[in-house]
Amino acid sequence: MALPPQLKAIQHHLRTAQEHENRDPVVAYYCRLYAMQTGMKLDSKTPECRKFLIKLMDQLETMKKELGDNDSINQEVVGNAHIENYALKMFLYADNEDRSGRFHKNMIKSFYTASLLLDVLSVFGELSDENIQHRKYARWKATYIHNCLKNGETPQAGPIGMDEDEEAGEHGAEGFSGPGLSHGGSFRAEPSSGSPHQDQSLGPGPAPGIGFTPVPGSGPSGPPTTTYNNIHIPPGAHAPANTPAELPPPTGGVHLSPEDFTKAQKYCKYAGSALQYEDVTTAIQNLQKALKLLTTGKE
């Protein structure tokens with residue numbers, strides 16, 4: 001089903017969902033959830049938009065049933081950690097390539113996709129100031145490097161002052177497609193590969209499932225979708241379902257509030273999510289934060 005023009009702002013989030021359908025269904029799920037929530041705000045009254053959004057809701061409902069035993073779907077704190085770690089991993093891959101002066105389409109795509117996934121984090125609540133800056137920088141970098149390569153210029157490597165006029169808005173994946181271009185996945189590739197994960201299944205073709213009819217040259221569609229169709233996470237519910245109302249004080253006389261326990265649990269979830277990507281450094285940092293909070297009552 002074609003994406004109504006009134007909902008153009010969510011087209012790249014839907015494309016990202018398609019691209020991760022098989023690679024990481026949790027990412028696909030939350031991208032569609034963000035697209036649905038944003039689409040409802042954009043236009044839920046005109047017949048074509050209403051029909052599109054109802055089908056997207058059905059798709060999310062089915063998907064939630066398919067992923068029913070996944071903690072990243074059942075517990076928002078775990079889902080938040082999963083999406084944030086994935087987005088920041090993608091950002092760091094692109095940033096490292098940028099700082100090393102290795103400019104290619106895959107790193108541009110990684111910058112831009114990271115910015116889209118940071119958008120998606122808003123389904124869990126307001127973005128942190130840090131993630132807002134990461135999103136803005138990633139989107140701007142994608143635009144800047146893309147324009148430089150398009151014009152035959154050599155981009156300046158590493159952090160540079162952002163030109164507000166160049167920050168990407170509807171830039172999306174246009175101009176980023178091409179042979180070997182991937183959109184996420186593993187971040188353990190050798191630097192010379194120019195890609196965090198080469199997925200040969202991604203190639204031009206019709207957009208599967210609920211999403212949009214891509215414009216020629218707007219980038220590859222994802223691999224064939226399943227019949228995924230569900231979701232309904234109310235916005236604003238941030239506490240994990242298993243957080244006790246009252247918790248015993250820790251040993252050593254340090255008094256911790258329920259919020260402190262929730263933060264410590266969140267750090268532990270972040271650590272677990274980082275280990276899924278074999279990122280020992282991030283896992284250790286988050287576990288140290290949790291330990292410090294539990295032993296001192298301070299972050």
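Tutor: Helices and strands are here DSSP runs, numbered from the N terminus. In this predicted model, that reading gives nine helices and zero strands, and 49% of the 299 residues count as buried.

Student: How does one describe a pair of packed helices, and at what angle do helix 2 and helix 5 pack?

Tutor: Two packed helices are described by the angle between their axes and by the distance between those axes. Helix 2 and helix 5 (residues 76–99) pack at an angle of about 100°, with their axes 10 Å apart, and the two helices are therefore roughly perpendicular to each other.

Student: Which residues of helix 2 and helix 5 meet?

Tutor: Val26, Val27 and Tyr30 in helix 2 meet Gly79, His82, Ile83 and Tyr86 in helix 5. The side chain of His82 also makes a polar contact, at 2.9 Å, with the side chain of Asp24, a residue in the loop between helix 1 (11–19) and helix 2 (25–42).

Student: Which side chain of opposite charge is nearest to Asp24?

Tutor: That side chain is Arg23, but it is 8.3 Å away, and Asp24, although buried, has no salt bridge. A salt bridge requires a side-chain nitrogen of Lys or Arg within 4 Å of a carboxyl oxygen of Asp or Glu, so the distance of 8.3 Å to Arg23 does not qualify.

Student: How many salt bridges does that rule give, and where do Asp95 and Arg99 lie?

Tutor: The count comes to eight salt bridges. In one of them the side chains of Asp95 and Arg99 meet at 2.6 Å, N to O; both residues lie in helix 5, four residues apart, or about one turn of the helix. Asp95 counts as buried at 7% relative accessibility, whereas Arg99, with a relative accessible area of 49%, is partly exposed.

Student: What do the salt bridges of Arg135 with Asp119 and of Glu299 with Lys263 tie together?

Tutor: Arg135 and Asp119 meet at 3.0 Å, N to O; Arg135 lies in helix 7 (residues 129–150) and Asp119 in helix 6, so the pair ties together parts that are 16 residues apart in sequence. Asp119, Arg135 and Arg139 are linked in a network of salt bridges. In the bridge between Glu299 and Lys263, the closest N and O atoms are 3.1 Å apart; Glu299 lies in the segment after helix 9 (280–296) and Lys263 in helix 8 (residues 258–276), so this pair ties together parts that are 36 residues apart in sequence.

How values were computed
Residues are numbered from 1 along each chain as its sequence is written. This is a predicted model: local features need pLDDT of at least 70, side-chain atom pairs count only at pLDDT 80 or more; totals for chains, interfaces and linings use all residues. Side-chain values use heavy atoms; hydrogens and water are left out. Buried means under 20% relative accessible area, exposed over 50%, partly exposed in between (1.4 Å probe, protein chains only). Lys and Arg count as positive and Asp and Glu as negative; His and the chain ends are not counted. A polar contact is a pair of N or O atoms within 3.5 Å; within protein, one must be able to donate a hydrogen and the other to accept it, and residues adjacent in sequence count only if both atoms are side-chain atoms. Axes are lines fitted to C-alpha atoms, for helices over the stretch in contact, and angles run from 0 to 180 degrees between N-to-C directions. Angles under 35 degrees count as roughly parallel, over 145 as roughly antiparallel, 65 to 115 as roughly perpendicular and the rest as oblique. Contact means heavy atoms within 4.5 Å.
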